Each structure stands twice: as C-alpha cells, then as structure tokens.
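Here is a quick tour for anyone about to load this one into a viewer. Have a look at the sequence and the fold before reading on.

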Amino acid sequence: MKRSAPAAARQSLTPPQPGADALIEPVELAEEVVADDGADGAADEGELRAASVDTDGHGQRLDRWLVALAPEFSRSHLQLLIAQALVRVDGVVQTSASKKLTAGQCVEVQLRPTAQSAAFRPEPMALDIVYEDAQLLVVNKPAGLVVHPAAGHWSGTLLNGLLAHHPGAAGLARAGIVHRLDKDTSGLMVVAKTLVAQTALVRAIAAREVRREYLALAHGRQPDGLTVIDRPIGRDPVSRVRMAIHAAGKPARTDATCLGSLDASEGGRTAPVSAWHCRLHSGRTHQIRVHLASIGHPLLADGIYGGRPQLGLQRQALHAARLAFAHPASGEWRVFSAALPADLEVAWRALGDAVARAAATMLETRGGDASFG
C-alpha cells in the first residue's frame, strides 16, 4: 500500500473553478455518492473584514448589510457566520441576522471559507494504489470512503487524498476522477493524472470501452446463469436519494450472472442468499443496486433498495472486483483485479467454496486474477 505524500494546502475563501472542466465534457458517473456531514469548520481562520455603517446602511438588517461588505459570499453563508458568533457590532458579538444597524456603527466579521471551498484542499491519506504510472493510477477504494465532495460531506474524500498524492491533480477537473463508486461500495477505480489521460478515459467510458465487473450478494434464490437486465434508470420521483426503473430514465444494461444460491442461517432464522457477477454496459447511478432489486434481489444490507443486514454485513454487498481498459498512452489493454475485502470475503465464504471458485473463474484474466483468500 502506498501512502500519499503531503502537499501544501491551497487557501481560498471561494470555491475554485478548475479550468479543465471547460475542456472535458464529463460523462455520466458510475455511481452517485450519498454523503453525511464531515466538514471541518476550523480548518481556516479566514479574513477579518471591518467597515462603518454609512447613511445608506442605516436601518438595514445585519445580514443584508454584510452581503454588500462581502459580496463573494451568499447571504445564507453570512447568516451562518452570524450564528457562529463571528460578527461584532461596536465590539459586541451579534447572533441575530435580523438586527437593525445604525449609521456610524462599526461592524467586524471573521470571514471563513464556505464548506465547498474547503472541500478542494489536499488531505494526506493512505491510498491503496494497485497501479500507478505518469498518466494514471488505479486505486482500490475501501467501503466508507466518499469519492468526491458533496453537500454535507466536504472533507476526507478520495478527491482530497488525490490532491495530496500528486501536484498535477490540482490542475485537473475533479482531480482526475473519471467515474465513481458509492461510499459503501468497495473496489477499483481508475484516476487520470494528466489532461491527455483524463480526456481519453472519459471518452472511453462514454464509448463503453472500459470494462467494469462487480461481485455482489443479494437476497433471494435464483437459478444459476446469465440474466440480462436492460431497463432504463432515472431519479425516483418520490425519493431524491433513490434511483428507479421508469420509462423516462436513461438506457441501462447489466449482465448479471448468478453463481449460486443457498439458504443462509443467521440469528435463528434462515433466508436464501444468491451470489452474483455483474458486468456494466452503462454507468447509471446505483445501476447494479437498482437492477438487481428490480428482479427481486436487493443487495444484502442495502437498506435504500430493500436489503437487510445478513451474513454479518452492515454495508451493501457490492465490490468492484475487475477493471480493464486500453492505456491512454500506449494503447495496451490493461486488466486489474482486487480481492474481496475482509467483510465480504467472510460473507462469500459462508456460501461455500464452490461459489467462491465460480467467482474467481468469472474474473480470470490474462492480466491477473481476483483473489479469494
């Protein structure tokens, strides 16, 4: 395992606008990240800004007046600074955004960066790098790691780790990230290190030239063999955190091969579990999770789509086990595989050696084999 080398943090009060975004048309990312709050509000002391209230400001609300003093921030962010006791009027801390100001008063505000701007900062972290060269790297993402900053989770993401890992990441859109995995999905991702590589990988993903294969455990019994699930996926009209099968969605196809099923006993009760090898032909948000649930097989421990904890799993039973693509510089077909992490390995072993061997056989490649032990 390689560890990222520290890089100097870039101080900024406003969210950066990476220039590379204008050069590359992003493709649909493989899986949406749903994150919780993880921002570190004490990371930057910011800037102290002060001014006197003139006659035009007399009688104005404090938050409205601050918008003119610090126009680079939204009113809602300035209200947050007021609530955090970072605003003083004539030396007295103010916590009410609706306070009316009087001409001649001195207002001081400790401006701190928005959560979004703090998101795009290097954060040294251990990265499990499977392969790396001057053009790209392949990382084995652990479950629990968010790929890209999003509302409610602005730090501690893979993007932050990439910014610390190599200086070129700061000049690339999304630090070179070209596809995503859910927070609780483990496994392989390819990340570009140059604009040339990023452009080539984005185009390859859009053209369905990157091969992505997953291992999954799901509820229910299924006859062994291939099931082609070709159903459009779009945002669930009722719940914004879910995706759903509906006619207005985008085309999506998953080749899902059931490797075996058995009745698993746990906690005094028995329930059938099936093991799956899934190959994506498209990269819709939550695609495998939605497609398997749509045929009556939600993933173990995937509460959003009807799964329940089983076989000791507390996160969705999905692992990006194999990744293959043409190297953007050499054109050589490269194949990478990642062993099941400990929690999934235990669960797969519970289904018997025959199922584990079947999964390993599905993942055999000329470039390497998945390991199950």
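How many disulfides does the structure hold? Zero. Keep in mind that this is a predicted model, so everything below is computed from its atoms.

Let's stay with the cysteines for a moment. C258 is in no disulfide, and its nearest cysteine sulfur belongs to C278, 9.7 Å away. Looking from the other end, C278 is in no disulfide either, with the sulfur of C258 being the nearest cysteine sulfur at 9.7 Å. A disulfide needs the two sulfur atoms within 2.5 Å, so this pair doesn't qualify. C258 counts as buried because its relative accessibility is 2%, and C278 counts as buried because its value is 0%.

Now for the packing. The largest nonpolar core has 31 residues, and the members touching the most other members are L158, L162, Y214, W276 and L292. Which elements give two or more residues to this core? They are the strands β8 (136-141), β9 (186-192), β10 (211-219), β14 (253-266), β15 (269-280) and β16 (318-326), plus the helices α4 (158-165) and α6 (287-294). Of these, α4 gives the most, with four residues.

L292 is worth a click. Beyond its neighbours within four places in sequence, L292 is in contact with A216, I229, A256, W276, C278, H297, P298 and L299. So one of the free cysteines, C278, turns up in that contact list.

There is also a second, separate core, this one of 19 residues. Among its members are L300, A301, A321 and L351.

On to the backbone. Two residues have a positive phi without being glycine, R208 and H286. Are they buried or exposed? The table puts them side by side.

| Residue | Phi | Loop | Relative accessibility |
|---|---|---|---|
| R208 | about 60° | between α5 (195-206) and β10 | 39%, partly exposed |
| H286 | about 60° | between β15 and α6 | 1%, buried |

R208 counts as partly exposed because its relative accessibility is 39%, and the loop holding R208 runs between α5 and β10. H286 counts as buried because its relative accessibility is 1%. The loop with H286 sits between β15 and α6, two elements that each give two or more residues to the largest core.

Key:
Residues numbered from 1 in each chain as written. Predicted model: local features only at pLDDT ≥ 70, side-chain atom pairs only at ≥ 80, totals over all residues. Heavy atoms only, no water. Core = buried A, V, L, I, M, F, W, Y, C linked by side-chain atoms within 4.5 Å. Buried < 20%, exposed > 50% of the residue type's maximum accessible area, 1.4 Å probe, protein only. Contact = heavy atoms within 4.5 Å.
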